[in-house]
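Got your viewer open? Let's take a walk through this one, selection by selection.

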Amino acid sequence: RLRLNARYNHALNASLAGYVGAGWEKEFDGKAKGTLTTPFSGTVKLQTPELKGDSGLLEVGLSTAPLAKTPLTVDVGIQGYWGQREGVTGGIKVNYRF
């Protein structure tokens, strides 16, 4: 898989920053193989999904340091995909560096 991203960060105030980003992803050969073995039906070959193709993504989020002069940061973001991969993901990440 090859992924190219660009992100713009902007400080909104001393403890809050926002970001927006865009990207492109190329899946070269996303094949999976599998079998299922049961005592009743023997071995069954599973259907194999393929993700070969191009996808685009947009993202937006906020990063904050809620307590001044501490190594704690909280990031909240959302990403949307279209093309071969479609959907929306989001997340919250809490970092504490010591």
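How many helices and how many strands does the protein have? Colour by secondary structure and count: zero helices and seven strands. Reading from the N terminus, the elements go β-β-β-β-β-β-β. The radius of gyration is 20 Å, well over the 13 Å that the globule rule gives for 98 residues, so the protein is more spread out than a compact globule. Keep in mind that you are looking at a predicted model.

**The whole chain**

Stay zoomed out for a moment and show just the C-alpha trace. Along its principal axes, that trace spans about 60 × 30 × 20 Å. Now switch on a surface: the protein exposes about 7600 Å², with carbon and sulfur atoms supplying 60% of that area. Buried residues come to 16% of the 98 residues. If you like contact maps, count the contacts with a separation of 6 or more: 43% of them come from residues 24 or more positions apart.

**The five-stranded sheet**

Next, pick out strands 1, 2, 5, 6 and 7. They form an open sheet in the order 1-2-5-6-7, with antiparallel pairing. Which strands stand at the edges? Strand 1 and strand 7 (87-96) do; each has a single partner strand, so one side of each is left without a neighbour in the sheet. Neighbouring strands here are turned against each other by 15° on average, if you ignore direction. For the backbone view, recall that strands of a sheet pair through backbone hydrogen bonds, either parallel or antiparallel.

**Strands 1 and 2**

Select residues 2-11 and 16-27. These are strand 1 and strand 2, running antiparallel and joined by ten bridges. The link from one to the other is a hairpin of four residues. For a specific pair, click L2 and look across to its bridge partner in strand 2, K26.

Then go to E27, also in strand 2. Is this glutamate buried or exposed? Its relative accessible area is 12%, and the cut-off for buried is under 20%, so E27 counts as buried. Show side chains and you'll find the one on E27 making a polar contact with the side chain of R1, at 3.0 Å. Leaving aside residues up to four places away in sequence, E27 touches R1, L51, K52 and G53.

**Strands 5 and 6**

Hop over to residues 53-64 and 72-83. Strand 5 and strand 6 pair in the antiparallel sense, again over ten bridges. A pair to click on here is G56 and W82, its bridge partner in strand 6.

Now select S55, which sits in strand 5. At 6% relative accessibility, S55 is buried. What does its side chain reach? Draw a distance to the backbone nitrogen of Q84 and you should get 3.4 Å. Expand the selection to contacts, skipping residues up to four places away in sequence, and S55 touches G23, W24, E25, W82, G83, Q84 and R85.

**Last stop: a loop**

Finish at E50, in the loop between strand 4 (42-45) and strand 5. With a relative accessible area of 47%, E50 is partly exposed. Measure from there to L4, C-alpha to C-alpha: the two are 46 residues apart in sequence and 21 Å apart in space.

Notes:
Residues are numbered from 1 along each chain as its sequence is written. This is a predicted model: local features need pLDDT of at least 70, side-chain atom pairs count only at pLDDT 80 or more; totals for chains, interfaces and linings use all residues. Side-chain values use heavy atoms; hydrogens and water are left out. Two strands pair if DSSP finds at least two bridges between them. Helices (H or I, at least four residues) and strands (E, at least two) are DSSP runs, numbered from the N terminus. Buried means under 20% relative accessible area, exposed over 50%, partly exposed in between (1.4 Å probe, protein chains only). A polar contact is a pair of N or O atoms within 3.5 Å; within protein, one must be able to donate a hydrogen and the other to accept it, and residues adjacent in sequence count only if both atoms are side-chain atoms. Contact means heavy atoms within 4.5 Å. The radius of gyration is taken over C-alpha atoms; the globule rule is 2.2 Å times the number of residues to the power 0.38. Accessible areas come from the Shrake-Rupley method with a 1.4 Å probe; for residues, only the protein chains shown count as cover. Axes are lines fitted to C-alpha atoms, for helices over the stretch in contact, and angles run from 0 to 180 degrees between N-to-C directions.
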